[in-house]
Each structure stands twice: as structure tokens, then as C-alpha cells.
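Work through the exercises below with the sequence and the model side by side. Try each task before reading its solution.

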Amino acid sequence: MDASGSARPRLSRGRPTPEETARLDRDVRESALLLFLEQGYEGTSMEAIARAAGTTKATLYVRFPSKELVFRHVFEWAMSQPDWPVAELAPPDPDDLEKALAAIADAALRRTLHPAMQAMQRIAIAQATRFPDLGRRARQVYWPRHEQVAVLLRRHAATGAIVADEPDVLAEHFLAMVAGAPTLFAMYGVSRDPVILEHRQKAAVQLFLRSLRP
């Protein structure tokens, strides 16, 4: 069954076509993602994934021989999608450094504080010994944003408006300032008032800008 409750089409008998394989991957990914988020890694079984994806356990095991491989597939997909679990906002105006940094900070918080992202990262942390390389994959959540900040800093440094000798390092520090603490608190189940978050974000942007003055 899919998310709407409709039956998913079954794979044809014999060797699956590339289209059928792609559809199975998508159905398994979507179904497993929901199950992992709702029930956690340990609480999700291959049988439940197969049932939710509208396939048989035997077919699922042919494509994904273990639950570990299913989770890795789901996690890597989720971390690499800029529009998961929330849609990206329009790119900020690069000519206005302050507004652009504020917009990037807001987008970073919207994604990292989303309940689905928090749940996925908690699972990854809990399963860190089983998946020691997933920490590097989780970095993909921040990497596009990191590049966005670094490019922005290079642009304004080239005009002499700011001093940014190490834009990549500065970009990492900026994201840590605006999203690091709120993310950590949220991981422990501590939510902050949106007004406080907004105030903290503005203060971080201003502090960062002052550090770039020529």
C-alpha cells in the first residue's frame, strides 16, 4: 500500500525491468523511511517494510539482503535531498550579505530542527557502532549550505567589503553559530521558543558580520 492507501503495482514475474527495479527502490525507500521514523531502527522489520512497500519479503531480500542495507539506502537518500524534509526557500540575494546570511541561517534551522530530520539523526546516532560511516553522510545536511556561505564570502571579499581569508573555515563556524546549539538542544528533546531562536539567530549573524570587517 502507498501513502494514500492504494495498492502498489506488483513487479512482473521473471527478471525485473530497470523501471520495475527503480519503482521497487522508490517504494521501499518511501515505506521504510516512514517506518524508521515512526518505529525506530530496532522496531522496524524487513517483513513490515515489504508489506508497506507492496512487495514480498523474498523480493525485498533480493534487492536489499539486509535491514542494514535498507536503512543505509534510506539514510543516504534523505541526507542528500535538499528538499527533505522541508522544501528549500528561494536563494537569497547575494548582493546583500546580511540578508543573505540571515536567510541561509533560517533555512539551516528549518531543516535541521524539523522533527523528521531530528528523528533520522537520532537513529543514526543510536546506530553509530553499526554504521560508523553515517556521520560523514550526515554532513551532507550542512554541506550545500556550507558551500553557499563560502561562495557568498568570496564574492564580498573580492570587492573589499569584508575580510574572509579562509571562507571555507568561516562558513563552518557560521553554521555552527546559527544552528549548532539549537540542533543539540533539540536532539535532547529541548525545544526553544521561536522568538528566542530568532533573536539568537540575529545576534549570531551580527557577531559574524563584525568579525569580517576590514
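The exercises go from the whole chain to single helices and then to one residue.

**Exercise 1. Describe the overall fold and the confidence of the model.**

Step 1. The model is predicted. Its protein chain averages a pLDDT of 89, and 91% of the residues score at least 70.

Step 2. Compare the elements. Helix H2 (residues 46-53) has the highest mean pLDDT, 97, and helix H7 (residues 134-138) the lowest, 72.

Step 3. Count the secondary structure. The chain has 10 helices and zero strands.

Step 4. Take the dimensions. The C-alpha trace spans about 70 × 35 × 35 Å along its principal axes.

Step 5. Check burial and contacts. Of the 214 residues, 40% count as buried. Among contacts with a separation of 6 or more, 70% link residues 24 or more positions apart.

**Exercise 2. Locate the annotated DNA-binding region and give its secondary structure.**

Step 1. The unreviewed UniProt entry places the annotation "DNA-binding region" on residues 45-64.

Step 2. In the model, this span is 75% helix and 0% strand. Its end C-alpha atoms lie 13 Å apart.

**Exercise 3. Decide which face of helix H10 is buried, and what covers it.**

Step 1. H10 runs over residues 194-211, which makes 18 residues. From first to last C-alpha it reaches 26 Å, close to the 26 Å expected at 1.5 Å a residue.

Step 2. List the buried residues of H10: Leu197, Gln201, Ala204, Val205, Phe208 and Leu209.

Step 3. Look down the axis. The buried residues of H10 fall within an arc of 130 degrees, so they line one face of the helix. An α-helix has 3.6 residues a turn, so residues three or four places apart point the same way.

Step 4. Turn to the other side of H10. Val195, His199 and Lys202 are exposed there.

Step 5. Find the cover. It includes helix H5 (97-112), helix H8 (143-158) and helix H9 (167-187).

Step 6. Inspect the N-terminal end of H10. Asp193 caps it, with a side-chain oxygen 2.7 Å from the backbone nitrogen of Val195.

**Exercise 4. Repeat the analysis for helix H8.**

Step 1. The 16 residues of H8 should span 22 Å at 1.5 Å a residue, and the end C-alpha atoms are 22 Å apart, which agrees.

Step 2. Buried in H8 are Arg145, His146, Val149, Ala150, Leu152, Leu153 and His156. They cover an arc of only 160 degrees around the axis, which puts them on the same side of H8.

Step 3. On the other side of H8, Val151 and Ala158 are exposed.

Step 4. H5, H9 and H10 are among what covers the buried residues of H8.

Step 5. Look past the helix. Gly160 follows H8 and has a positive phi, near 85 degrees.

**Exercise 5. Characterise the surroundings of Arg145.**

Step 1. Arg145 lies in helix H8. Its relative accessible area is 6%, so it is buried.

Step 2. Leave aside neighbours within four places in sequence. Arg145 then contacts Glu88, Ile104, Ala107, Ala108, Arg111 and Leu175.

Step 3. Pick out Ile104. It is 41 residues from Arg145 along the chain, yet their C-alpha atoms are separated by 7.0 Å.

Step 4. Find the polar partner. The side chains of Arg145 and Glu88 are joined by a polar contact of 2.8 Å.

**Exercise 6. Find the cis peptide bond from Trp84 and place it.**

Step 1. The bond from Trp84 to Pro85 is cis, with omega near 0 degrees.

Step 2. Pro85 sits in the loop between helix H4 (67-80) and H5.

Key: Residues are numbered from 1 along each chain as its sequence is written. This is a predicted model: local features need pLDDT of at least 70, side-chain atom pairs count only at pLDDT 80 or more; totals for chains, interfaces and linings use all residues. Side-chain values use heavy atoms; hydrogens and water are left out. UniProt positions are given in the numbering used here, feature names are shortened, and annotations may be inferred rather than shown by experiment. Helices (H or I, at least four residues) and strands (E, at least two) are DSSP runs, numbered from the N terminus. pLDDT is the predictor's confidence in each residue, from 0 to 100. The expected span of a helix is 1.5 Å times one less than its number of residues. Buried means under 20% relative accessible area, exposed over 50%, partly exposed in between (1.4 Å probe, protein chains only). The arc is that of the directions from the helix axis to the C-beta atoms. Contact means heavy atoms within 4.5 Å. A polar contact is a pair of N or O atoms within 3.5 Å; within protein, one must be able to donate a hydrogen and the other to accept it, and residues adjacent in sequence count only if both atoms are side-chain atoms.
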